[in-house]
Amino acid sequence: MQRVRKMLLVALAVAGTAAAQQAQLSQPAAATDGKHVSAHTSYRVINLAPGLLATLPRINAGGQVAFSMQAEAGAVGYFYDGSSVQDIGTLGGETLANDLNDLGQVTGSSLTTGGVQHAFVWRAGAGMLDIGTPTGGGESSGTAINRHGVVTGSSYADFLPRAFRWSAASGSESLGALTAGLGSASFAGALNGAGLIAGSSATADGSRHAFAWTRSSGMVDIDTLNSYDALVVAVGANGEVAGNHIPSLDAIAYRPFLWTRAGGMRDLGTGGGSAAFVTAMTPGLHIAGLINFGDEVQRAMSWTRSGGMRNLGTLGGASSRADGVNAAGQIVGFAENTAGDWRAFVWTAGQGMLDLNRYLRRAPPGLVLDDALAINDSGAIVATSNAGLVLLRPDTGRACGHLLGPVVAPALVKAGVPLQAAVDFIDEDGVGTRSVSWSWGDGSGVQAGRVSGRGAAGSASASHSFAMPGVYRLTATVVDRKGRSTAVSHELVVTAVAGGMVAGSGTMTSPAGAFRQAPLYAGTARFSLVAPLAAPLAGTASASAAGMPARLHFDLPGLQFRSRDVRMLGRQGTQHVFEGSGSVKGAGGYRFRLSTSATLPGGGQGRFALKIWHADPASRREVVDYDNTRAPSGGGRVAKGIIVLE
C-alpha cells in the first residue's frame, strides 16, 4: 500500500488554526463576469466540513466542490452540489477524492473490503463505480478526469506502477513506460479535454522524464532538458505541459517548466530564489506557484508568457504561497501578515494581494480564513479556516443558510476541570435553529447545548469535564428547522492534574522535502501532544510514572499519524526527546522520534522536530515517511499554538 501512495499524492496545502477577529465589509458585492472583478467584491461563507483535509479540494465551473477530510478510520470523500454536502461513499474503506469535472464526476481512490486501493468514478445518482486496473489485479488510483469523463491515474501490479487511461467506452488500459524491463515505472499527472495525458516515467539511465501520451502517438518523452527528475502538474488546452523538474544530480532543487510542441521544454527559472514550483495552471497557460528563498521563506508567484515570473509578495510578513489560479487572472493562496499569522488571499495584477478576511459579508464572529486552495472562473473560492473547510461565493445577495464560526475553547485543559466551549452562528435564510448538540470525543455521549440568539445571530455554549489526560476532538452540530445540520470541531489536549507532563497543541511549518509522499509540499501541519516528563514504569511503555496516558497526533494532507505509545528518552539542552510507535491512517508498524521545546514567555516560538519511519515489508530497510529535522532551521517552528511543561 505504501508503494501506491508514495507517488499518487500531490503537493497540497493545509490549514492551521488562528484566533483573531476579521474585519468585515458591508458594501454590496460587485459583479463578476470571469474577466473583471471590482476591488469591492465581497463573499458569502458556506461551511463545507469540519476537521482537516486529506486531499486538495477541487471546484468546477458550476461551483461544485469535491474534497476528502481526515477521520480516525481513514479519509472520507465528499461532494458539494451547490446546496448541500454528501458523503460519496466507499468501496469498503478510506476514500480519497482527487479530481472533479464540470459534469460533477469525481475520481480518486478507495479501499475495497479486502483492503486493496482501487480507482473509482463517482456521480450523484449513479454512485461509486470501481474502475479497477488495466491488468485486472493490483491497485490503482484516479488522478484526473476531463470533461468527457475520461480518467487517468496510476496502477500497480507486482509493485510496478504504470500510468493508465479509463473511459466508459474502452475501459481501462495501460499507457506503458518510456523504458522496458525492471524499474520501468510511469505515473500519470494530468490530462486535458482533448485527451492528451501527461506524467512522468523512468528512463534507461534511472532518471524520471516527463511524457505526453495521445492515442495516435502513444507515450513520448518530452523532456528536452534531459532532467534528472520531472513531475507533471497540469496540461493546457492545446496540449502544453507544466510541472517541476530537477535539472541534474549537481543541482538538487526543483525548477518550473513549460513544454510546448513548438518550443520543447522550457525552464522558467526561479525568480531570484533557490528553487521554484508550479502548483496550478489555467488551460490558457497562466501559472501560479511559489519561489523558495531558503530557511523556510517562500513567496507566491505568477508566470505568464507576456509577463514572465512575478513575485507576488506577502501581506506584510515573510512568506506566501499561491495554490490556485483562474482565467480571470485571480490567484489565491496564503500569506503571512505583519503579525506572522497566515491569511487567505486573492491577487490580481490590478489590485495586488488582498486579505480575504476583509471581504466577508455577514461572517460569524471569530472566523479566520488561513488558506485559499482553489478558485473557479466565476471567482468562487475554496478555503480553509479555523472553522474547517469553507466555500466563499461572490456575494449576489443570496442567503447561505447557517454559517458557523469556530469552536471557542482552550487548547489545553486539566483533567477534572470544567471546560467551557462556545460557538457563534448566523442564520442567513431566516429558517431558525432547532438545536445545537456537543460531542466531546471521550465516549461520554452527545450533550445538548444552551442556545441564545438575537435576530439572525445566535450562539451556543456547553461545559464538560474530561476524566483522563489525552487528545480529544469536540464537535458542535447546529441543526435548523428544516433538519439541515452544520458542524464545526476543535481538538484539545487534556493534561494530568498532578502535572509532570509536556503538552501542546497548534500548527507548525513543515518545510519542502519533509514529507516523502509529497516532496514539493511546504506548508502547515497540525500537532497535539501530551506526554510524561519521566521514564515509564516497567511494562507501561505509554504511561508516565503515575500511569498517565500519553498521545501524539500529527496531521497534514496525506499523512495522519496517531501514536500508540510515547516514551521520554531524555533531554538535549532545552529539547525534550521522545520516541514511540504508532499508525498512519490506521495502519500500524510506524516508529517516531520527537524533539520539542516549550513556547517561551513573551511569545518565543517552540520547536517541533519530528521523524516518522517504517520498515519496508520486503527488504526490511528503514523507509522515512516524514522528517523535518533536516530543515535549515533545525525542525518545524511552532507557528500557532503552545507547548508547555507542567
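Which residues of strand 15 are buried on one side, and which on the other? I197, G199 and S201 are buried on one side, and A198, S200 and A202 are buried on the other. Both faces of strand 15 are thus covered.

This is a predicted model: local features need pLDDT of at least 70, side-chain atom pairs count only at pLDDT 80 or more, and totals for chains, interfaces and linings use all residues. Residues are numbered from 1 along each chain as its sequence is written, and side-chain values use heavy atoms, with hydrogens and water left out.

**Strand 15 and its partners**

Strand 15 covers residues 197–202. Six of its six residues are buried, so strand 15 is largely enclosed by the rest of the structure. Buried means under 20% relative accessible area, exposed means over 50%, and partly exposed lies in between (1.4 Å probe, protein chains only). Strands are DSSP runs of E with at least two residues, numbered from the N terminus. Two strands pair if DSSP finds at least two bridges between them.

Strand 14 (residues 186–191) runs antiparallel to strand 15, and five bridges join them. Here A188 stands opposite G199. Strand 16 (residues 208–214) is also antiparallel to strand 15, with six bridges. There A202 stands opposite R208.

Hairpins link strand 15 to both of these strands. Another hairpin joins strand 18 to strand 19. The table sets out their turns.

| Hairpin | Residues between strands | Turn residue | Positive phi |
|---|---|---|---|
| Strand 14 and strand 15 | five residues | G195 | about 95 degrees |
| Strand 15 and strand 16 | five residues | G206 | about 90 degrees |
| Strand 18 and strand 19 | five residues | G239 | about 90 degrees |

**The sheet 18-19-20-21**

Four strands form an open sheet in the order 18-19-20-21, with antiparallel pairing. Strand 18 (229–235) and strand 21 (264–267) stand at the edges. Each has a single partner strand, so one side of each is left without a neighbour in the sheet. From one strand to the next, the twist averages 30 degrees. Axes are lines fitted to C-alpha atoms, and angles run from 0 to 180 degrees between N-to-C directions.

Strand 18 is mostly covered, with six of its seven residues buried. Six bridges pair strand 18 with strand 19 (residues 241–246) in the antiparallel sense. D229 has I246 as its bridge partner in strand 19. At the other edge, strand 20 (residues 255–260) and strand 21 run antiparallel and share four bridges. The bridge partner of T260 in strand 21 is G264.

**The sheet 1-32-31-30**

A further open sheet of four strands has the order 1-32-31-30, again with antiparallel pairing. Its edge strands are strand 1 (43–49) and strand 30 (369–375), and each pairs on one side only. The twist averages 30 degrees from one strand to the next. Five bridges join strand 30 to strand 31 (residues 381–385), and the two run antiparallel. L369 stands opposite S385 in strand 31.

**The second largest pocket**

Strand 1 also helps to line a pocket. The second largest pocket holds about 1,100 Å³ of space. On a 1 Å grid over the protein atoms alone, a pocket is an open set of points where a 1.4 Å probe fits, with protein on both sides within 12 Å along at least five of seven lines. Lining residues have an atom within 4 Å of a point. Grid points are joined across faces, edges and corners, and the volume is the space filled by probe spheres set on the points.

The lining has 46 residues, and the closest to the pocket centre are L48, A49, P50, T486 and A487. Strand 40 gives the most to this lining, with six residues. Among the other strands that supply at least two residues each are strand 4 (76–80), strand 41 (485–495) and strand 45 (559–572). The lining residues divide into 16 nonpolar, 19 polar and eleven charged. Ala, Val, Leu, Ile, Met, Phe, Trp, Tyr, Cys and Pro count as nonpolar, Asp, Glu, Lys and Arg as charged, and the others, Gly among them, as polar.

**Strand 6 and the loop after it**

G93 is found in strand 6. At 28% relative accessibility, G93 counts as partly exposed. G93 and Q117 are 24 residues apart in sequence and 8.9 Å apart in space, C-alpha to C-alpha.

Q105 lies in the loop between strand 6 (92–100) and strand 7 (106–112). Q105 counts as buried, at 14% relative accessibility. Its side chain makes a polar contact with the side chain of N101, at 2.8 Å. A polar contact is a pair of N or O atoms within 3.5 Å; within protein, one must be able to donate a hydrogen and the other to accept it, and residues adjacent in sequence count only if both atoms are side-chain atoms.
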